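Reader: I would like a close look at one chain of this model. Please describe how its parts meet each other and how it meets its partner.

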Amino acid sequence: MDKNELTGAETLVYAKPRLVNDTEMHYCPGCSHGVVHHLVAEVIDELGWAEKTIGVSPVGCAVFAHKYVDIDWQQAAHGRAPAVATAIKRLNPDKMVFTYQGDGDLAAIGTAETIHAANRGENIAIIFINNAIYGMTGGQMAPTTLNQMVTTTCPEGRDPRIMGNPLKIVDMLALLDGVCLATRQSVHTAAAVKKTKRMIKLAFENAMANKGTSIVEVVSSCNAGWRMNPVDANNWMAENMLSVFPVGDLKNL
Amino acid sequence: MSEEISLMKGNEAIAHAAVRYGADGYFGYPITPQSEIIETLMELAPWKTTGMIVMQAESELAAINMVYGGAGCGKAVMTSSSSTGMSLKMEGISYIAAGELPCLLVNVMRGGPGLGTIQPSQSDYFQTVKGGGHGDYRLITLAPYSVQEMADFVALGFDLAFKYRTPSMILTDGVIGQMMEKVRLPEFKRRRSEEEIRKQCPWATLGRTPDRAPNFLTTLEMDSSLMEQRNIHLQAKYKEIQQNEVRYQEVLCDDADYLLVAFGSAARICLKTVDLARAEGLKVGLLRPITLWPFPSEILEKYASKVKGMLTVELNAGQMVEDVRLAVNGKMPVEHYGRLGGIVPTPDHVLEALKKLI
């Protein structure tokens with residue numbers, strides 16, 4: 001069986017989303033970001049909203065999101081994406097505005113902006129990649145790092161007595177009246193990817209329909225930061241992270 | 001009809017002028033002595049008339065990043081704060097300058113350092129004109145000395161910001177912010193439509209259209225040689241601003257033996273000192289920088305060979321005096337008189353200090 005047979009139309013089950021361009025991604029092989037970028041691009045295209053979508057990228061591994069998905073983007077200062085998105089949406093109420101943030105950006109330095117944007121019920125969608133580590137800076141402890149998990153800034157493992165427990169920020173956000181959707185998903189299996197895509201679509205639809213703030217947390221793997229190969233990282237994630245961060249809807253109005 | 005004379009505070013004048021300019025958004029956080037700006041805007045409720053958005057943010061950090069987001073869409077957006085709050089905004093201001101985003105910033109200064117005092121001061125001169133935030137950037141800095149100029153500099157600040165795609169700052173203090181004077185408010189201008197913004201600001205992130213590539217706003221460049229190019233571009237723009245936008249006022253400078261150099265509220269005080277000095281037969285003039293950056297170095301250099309001495313008067317420990325000395329370049333003595341921590345000198349205090357110099 002040669003390459004042509006393998007990539008013929010009859011065997012095609014997946015194509016590169018139209019809005020994802022040919023720029024070589026900087027993400028490590030096995031990283032969840034690539035999958036979620038593709039989902040975001042597919043959903044925007046399926047909704048036909050490429051011309052009215054503005055994305056806000058974070059500081060962290062997704063700082064270069066604008067290079068890969070062909071929509072208008074603003075890259076925000078570390079943690080401030082929800083504030084940036086707030087203004088974009090308030091000033092352009094007919095646009096679909098979303099942020100794309102990691103755990104350090106959203107749940108550490110940007111906690112205040114996240115909570116207050118959600119509490120105001122800003123009509124934005126927040127895509128939250130939770131991989132329990134700072135990937136961009138080389139594997140330091142994140143607010144979502146699991147207890148006993150080893151990182152470069154907790155080399156003996158996270159000790160909750162000194163460093164606190166993994167922050168379940170989406171559980172907190174679900175309590176706020178401004179939030180219409182708070183859901184936790186993952187992308188480690190084909191079924192999970194499909195479910196995550198459905199929730200991203202719902203979040204984007206909510207933002208456009210001015211229903212309030214939608215948060216889609218994606219429990220993700222960072223095989224490079226975790227010092228594992230991609231397969232082991234996926235397995236480790238399923239075995240260890242999902243018990244602390246169980247998938248499912250925390251709120252879906 | 002809309003051009004009427006009113007009596008109001010400097011802070012209120014800024015709010016009225018912003019609505020009348022056709023500003024799209026204000027994002028702020030309360031802090032004394034400038035809270036009248038957001039309070040007046042909330043009372044004016046321009047979202048019901050012009051469509052301008054007014055938001056009280058959860059912090060100065062959020063407010064300045066809202067300005068970043070709005071400015072990135074090509075909208076005419078602004079924020080205001082006072083010294084300690086302005087320090088919090090500095091990271092965002094650096095991003096805004098790096099992103100080449102037009103916007104209007106207002107700092108109604110109070111005494112520092114630290115939480116300081118709510119009384120007036122001019123001790124954020126360094127922070128504003130020398131940096132404040134990180135990196136090689138500059139802020140167009142306008143220093144009003146009357147309620148009228150508070151109103152007028154809103155339009156001037158926005159216009160310069162859009163002309164050069166760079167943030168403008170109105171640097172004022174609790175004296176000008178809180179005092180009431182007659183003011184002629186500007187005519188109402190219509191807010192720009194999205195179509196007009198897309199035309200004026202083709203870089204704005206308003207959603208890509210089929211006729212253009214996606215717009216993205218970023219201040220990050222991993223390749224140092226490209227980052228250097230970005231910096232060179234910024235510096236070329238700053239040079240152009242320095243060549244075109246210097247503003248100052250000369251009061252009785254022509255025959256002066258001594259010059260007072262002061263901005264904002266200190267200049268207002270010095271205006272009276274000039275009268276007092278002249279009444280005593282002393283030939284004293286006032287040179288008032290209106291733009292603190294770009295700084296009016298050339299005119300000061302010109303007077304350096306004409307007058308016997310200069311006294312800079314500031315509500316700080318001596319900040320602008322450094323730029324005056326640089327401009328004069330040792331040709332003659334330049335002394336400083338200042339009060340600190342919220343104390344405002346009287347014209348007599350200034351005259352006394354001037355006489356010591358003479």
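Author: The account below takes chain B, going from its domains to one helix, then to the core and the contact with chain A.

This is a predicted model, in which local features need pLDDT of at least 70 and side-chain atom pairs count only at pLDDT 80 or more, while totals for chains, interfaces and linings use all residues. Residues are numbered from 1 along each chain as its sequence is written, and chains are lettered from A and ligands numbered from 1 in the order in which they are written.

Chain B is divided into domain 1 (5-194) and domain 2 (249-357), with bounds from an automatic or database domain assignment. Taken over C-alpha atoms, the centres of these two domains of chain B are 27 Å apart. Their contact involves 25 residues of domain 1 of chain B and 20 residues of domain 2 of chain B; two residues are in contact if their C-beta atoms, placed from the backbone, lie within 7 Å. On the domain 1 side, α5(B) gives the most, with four residues. Helices (H or I, at least four residues) and strands (E, at least two) are DSSP runs, numbered from the N terminus. That side divides into 13 nonpolar, nine polar and three charged residues, where Ala, Val, Leu, Ile, Met, Phe, Trp, Tyr, Cys and Pro count as nonpolar, Asp, Glu, Lys and Arg as charged, and the others, Gly among them, as polar.

Helix α10 (residues 264-279) of chain B has 16 residues. The buried residues of α10(B) include B:Cys270, B:Thr273 and B:Val274; buried means that 20 or more other C-beta atoms lie within 10 Å of the residue's own, with C-beta atoms placed from the backbone. B:Leu260 touches these three, and also B:Val284, B:Leu286, B:Leu311, B:Val313 and B:Leu354, not counting residues up to four places away in sequence. After α10(B) comes B:Gly281, with a positive phi near 85°.

B:Leu260 is also among the residues with the most contacts inside the largest nonpolar core, together with A:Ile127 and B:Val67. A nonpolar core is a set of buried Ala, Val, Leu, Ile, Met, Phe, Trp, Tyr and Cys residues joined through C-beta atoms within 7 Å. This core has 188 residues, and helix α6 (residues 147-164) of chain B gives the most to it, with nine.

Towards chain A, 32 residues of chain B are in contact with 29 residues of chain A. The largest share of the chain B side, eight residues, comes from α3(B). By class, that side has 15 nonpolar, 12 polar and five charged residues.

How values were computed:
Expected span 1.5 Å × (residues − 1). Buried ≥ 20, exposed ≤ 12 C-beta atoms within 10 Å, placed from the backbone.
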